[in-house]
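Let's take a walk through this protein together, going from the overall fold down to individual side-chain pairs. Please have your viewer ready.

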Amino acid sequence: MDVDDFARAAALIALLGTAVVYGTDVFCAIVLRPALASVSDDAMVAVMGSVHRYGDRRMPLPGVLGVVATATSTVLAVVAGHGTQAVAAGIALAALLVWLALYLGVSAPVNRQLTAAADAGRGLPNGRTLQAKWDSIIGARAGLQGLAVVALCVSLVA
């Protein structure tokens with residue numbers, strides 16, 4: 001295998017990891033968010049706290065795999081001299097890094113609060129406000145992941 005083959009293999013691994021997170025964010029944006037609007041505040045806190053308990057434990061694997069493999073693919077495409085592939089992978093990497101900043105800055109703190117309340121078996125007086133904050137960026141998160149998926153597909157066919 002040469003550098004080009006490694007770059008494409010990294011892009012494929014990146015695509016698979018990123019697609020998992022993309023699908024999860026799209027599901028949350030188009031299914032979970034509207035479904036939560038019709039349940040009680042206490043039920044919403046209990047459900048989302050439980051969802052985040054599992055998500056925050058299990059989703060880092062595909063997320064980190066996607067980011068690391070995307071960075072690897074970008075570097076290897078540059079080394080191989082494949083400009084279009086490098087630019088596409090670089091766009092994917094930028095989208096994933098912006099997504100990560102949104103997640104760490106907005107989503108993760110909300111996740112921790114909802115999870116703590118669910119673990120303690122208590123409601124949160126500001127539960128809807130926290131969920132609204134989380135909801136406010138889920139569309140952007142899904143869009144960034146979608147952009148990364150498309151860019152990684154371009155890098156594979158370039």
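What follows starts with the whole chain and then turns to selected residues.

Keep in mind from the outset that this is a predicted model. The protein contains 5 helices and 0 strands, and its elements follow the order α-α-α-α-α from the N terminus on. If you lay the C-alpha trace along its principal axes, it spans about 55 × 25 × 20 Å. Of the 158 residues, 41% count as buried. The accessible surface amounts to about 7700 Å², and carbon and sulfur atoms account for 71% of that area. Looking at contacts between residues at least 6 apart in sequence, you will find that 82% of them join residues at least 24 apart.

Now for the charges. The protein has 10 positive and 9 negative charges, and the mean positions of the two sets lie 8 Å apart. How many salt bridges are there? The count comes to 4, and we can visit several of them in turn.

Begin in helix H1, which covers residues 3-36. Here Asp4 pairs with Arg8, with 3.6 Å between the closest N and O atoms. A salt bridge is counted when a side-chain nitrogen of Lys or Arg is within 4 Å of a carboxyl oxygen of Asp or Glu, so the Asp4–Arg8 pair at 3.6 Å qualifies. The two residues sit 4 positions apart in the helix, about one turn. As for their surroundings, Asp4 has a relative accessible area of 17% and is buried, while Arg8, at 22%, is partly exposed. The cut-off explains the two labels: buried means under 20%.

Next, stay on helix H1 but look across to another part of the chain. Asp25 forms a salt bridge with Arg141, with an N to O distance of 2.7 Å. This pair links distant parts of the chain, because Arg141 belongs to helix H5 (residues 127-157) and Asp25 to helix H1, 116 residues apart. Both partners are buried: Arg141 has 5% relative accessibility, and Asp25 has 2%.

Helix H5 takes part in another such link. Arg128 meets Asp41 in a salt bridge whose closest N and O atoms are 2.6 Å apart. Asp41 lies in helix H2 (residues 41-58) and Arg128 in helix H5, so this bridge ties together parts that are 87 residues apart in sequence. Here both side chains are partly exposed, with relative accessibilities of 28% for Arg128 and 41% for Asp41.

While you are in helix H5, take a look at Gly127. Is this residue buried or exposed? Gly127 is buried, at 1% relative accessibility. Leaving aside residues up to four places away in sequence, Gly127 touches Met44 and Val45. Leu97 is another matter: its C-alpha atom is 28 Å from that of Gly127, with their positions 30 residues apart along the chain.

Our last stop is helix H4, residues 83-120. The structure holds 1 aromatic pair, formed by Trp99 and Tyr103. Their ring centres are 5.4 Å apart and their planes are at 0°, so the pair is stacked. Because Trp99 and Tyr103 are 4 residues apart in helix H4, about one helical turn separates them. Both of these aromatic residues are buried.

Conventions
Residues numbered from 1 in each chain as written. Predicted model: local features only at pLDDT ≥ 70, side-chain atom pairs only at ≥ 80, totals over all residues. Heavy atoms only, no water. Phe/Tyr/Trp six-rings, centres within 6.5 Å; stacked < 30°, edge-to-face > 60°. Buried < 20%, exposed > 50% of the residue type's maximum accessible area, 1.4 Å probe, protein only. Contact = heavy atoms within 4.5 Å. Areas by Shrake-Rupley, 256 points an atom, 1.4 Å probe, with all protein chains shown as cover. Lys, Arg positive; Asp, Glu negative; His and termini not counted. Charge placed at Lys NZ, Arg CZ, Asp CG, Glu CD.
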